[in-house]
Amino acid sequence: MCGITGFLTPVAGDARATVRAMTDALTHRGPDDGGVWSDACTGVFLGHARLSIVDLSPAGHQPMTSGDGRWVITYNGEIYNADELRSRLAAQGVGFSGHSDTEVLLEAVAAWGLDQALAAANGMFAFALWDQQHRCLTLARDRMGEKPLYYGYAGNTFLFGSELKALKVHPDWRGGIDREALAAFMRDGNVPAPACIYQNIRKLQPAHYVVIRADRQQIGEPVSYWDLPAIAANECDQSWGADELVEQLDDLLRDAVGLRMKADVPSGAFLSGGVDSSAIVAQMQAQCAYPVRTFSIGFAEPDFNEAEHAAAVARHLGTDHTELYVTPDEAMGVIPSLPTIYDEPFADSSQIPAYLVSRLARSQVTVSLSGDGGDELFAGYNRHVIGPLLWNRLRRLPRPMRQAVAASLTLALRSRRLTSSTHTPLLGEKFEKLRDALGAADGMDFYRRLRAIWPSPASQLVRGASDAGFAGGDSADQISGFGLREQMILADMQNYLPDDILTKVDRASMAVSLEARVPMLDHRLVEFAWSVPDAFKVRDGEGKWLLREMLYRYVPKSLLDRPKAGFAVPLGDWLRGPLRDWAEGLLAEDRLRREGFLDVAMVRRSWEDHLAGRSHRHARIWNVLIFQAWLEGNT
């Protein structure tokens, strides 16, 4: 895993010192080696920070030039089927100087062309490819969006990089805040692609590439090379029975895990004890003659602790398990570094335990497999299971009646009548989500309101934004014949997965120079999941039925049969307790007015409601606090 950066400039001269400085900003992504390549006459400068995983020799050094001298690449990621592609290329007479997957990808482009090379590659990646013959730069990103890639103009200079901190080193950088992107962040808790919090900068969307010609200094339209909505729209295969589908899933996942276990450095896996991570670890251990190294963290608070479940699964599978119980002070100690780690405002509070478990794993390994993606592939979120059933009932009521019920819920929540008897914050949060979604116009509007942190984010901003903001790549409701559950799953795959889950995994792991690999997102598994009928995903009121049935071959049901738990921290209590002074400083009225982004009355009312226990949507005030902390550290 690595960090990539560079630029195209019309200004003549040697700017290698600049690209070196940009590369240095990404050292945490690649501490083992670094390099630059330039053609000052054309104005192209490429930088690379390397985390050595496959081929630790100098033959893996980047930027790398193809054997025919035409192509130069700076590449972040792993091509898991590189051995297969190398054999195919060698049969065509292509020679290799090393055994890195970078060289395989580069020679595949040289031999087959970009589109065929991308279609053949099974991996996670983001890369910049310079064509010396046609003098154009191509940026590309993997199918599901595991690896990030930012790009855009600063003045007349075209910049790109794995993280914004590299772009900000360039002397032409200005970095004004995009208020539409800010509205999208307030809604989602992240800035969805293709948006960026900074003006004139974008994120390349998953499964796309974009070409920039040096002579024109213009960005072309992004081109899709793998069409997830088209795959989702294909008819499900009704010919397979349950046993046959379980067998297919077992085979596919075993192969996906096996490919991702290949490395020239120590590897392991994150283990929470839930279905997804347990499935990955079970497949790893089934292919290993030695105990797989697994890692989990725990909290003293029972409602937020999964370490005991992880330890039970580890004992059953026979892994070499390491767990760390984290104190509140240790967890809260991560918060000041979040603006630096994420570069953009990012408010998924599970970023804290994600960083801590990555740091723990990095103390022993350089590669760690993750169970992320199972919920999106096999309908694992509560909204996938309950949402369609709930909407089918609610839609029978006239919209004005639902809006009246929502108003009544608001009054009840503010008076705490709904939750004071049980003192259950989670119950209050569910009621608040339901209240916000009751006025939905249709099923997908209902889904988006359930997902939204602030349902009308533009009303929380001082000026210059609309609630539409950036909708990301969501095209689920444009596909005819889709049921609401399928629409939700596709929307999650296109938006929530890359913009939240995979962003969290990448930045948390890369901050400690750890490569995280996600077997569930092997594109063959994604395509298989869309061929599976809905009845094999949700059954008896529970999601991920097929994945569970496969996992029961390896882990007893008794170790896994419990309510779904998120990777969470007791954030609400912290904000009323030890984090209160920190929050008060960020939410000071004079500060908010001086900055001029957020509505002061809204912020103060939300903060006071949280302190008084009138609101259990602590994610809302956390959004505000994360933006304020980011603003303090990045402007």
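How many disulfides does the structure hold? In this predicted model the number is zero. For C41, the closest cysteine sulfur is that of C136, 18 Å away, which is too far for a bond, since a disulfide needs the two sulfur atoms within 2.5 Å. C41 is also exposed, and its relative accessible area is 78%.

In soluble globular proteins, nonpolar side chains tend to be buried together. Here the largest nonpolar core has 88 residues, and F127, W530, L546 and M550 are those with the most contacts inside it. Helix 19, residues 484-510, gives the largest share of this core, seven residues. A second core, separate from the largest one, has 80 residues, including A154, L159, L356 and W622.

Beyond its neighbours within four places in sequence, F127 is in contact with I4, with I73, T74 and Y75, with L105, L114 and L118, with T138, L139 and A140, and with L149.

Cavities are also present: the structure holds five of 30 Å³ or more. The largest cavity contains about 180 Å³ of space. It is lined by 21 residues, of which Y150, K203, D499, T503 and R507 are the closest to its centre. Helix 19 supplies the largest share of this lining, six residues. The lining of the largest cavity divides by class as follows.

| Class in the lining of the largest cavity | Number of residues |
|---|---|
| Nonpolar | ten residues |
| Polar | three residues |
| Charged | eight residues |

Helix 19 thus appears in two settings: the largest share of the largest nonpolar core and the largest share of the lining of the largest cavity.

Conventions:
Residues are numbered from 1 along each chain as its sequence is written. This is a predicted model: local features need pLDDT of at least 70, side-chain atom pairs count only at pLDDT 80 or more; totals for chains, interfaces and linings use all residues. Side-chain values use heavy atoms; hydrogens and water are left out. A nonpolar core is a set of buried Ala, Val, Leu, Ile, Met, Phe, Trp, Tyr and Cys residues joined through side-chain atoms within 4.5 Å. Buried means under 20% relative accessible area, exposed over 50%, partly exposed in between (1.4 Å probe, protein chains only). Helices (H or I, at least four residues) and strands (E, at least two) are DSSP runs, numbered from the N terminus. Contact means heavy atoms within 4.5 Å. On a 1 Å grid over the protein atoms alone, a cavity is a set of points where a 1.4 Å probe fits but cannot get out, and a pocket is an open set with protein on both sides within 12 Å along at least five of seven lines; lining residues have an atom within 4 Å of a point. Grid points are joined across faces, edges and corners, and a volume is the space filled by probe spheres set on the points. Ala, Val, Leu, Ile, Met, Phe, Trp, Tyr, Cys and Pro count as nonpolar, Asp, Glu, Lys and Arg as charged, and the others, Gly among them, as polar.
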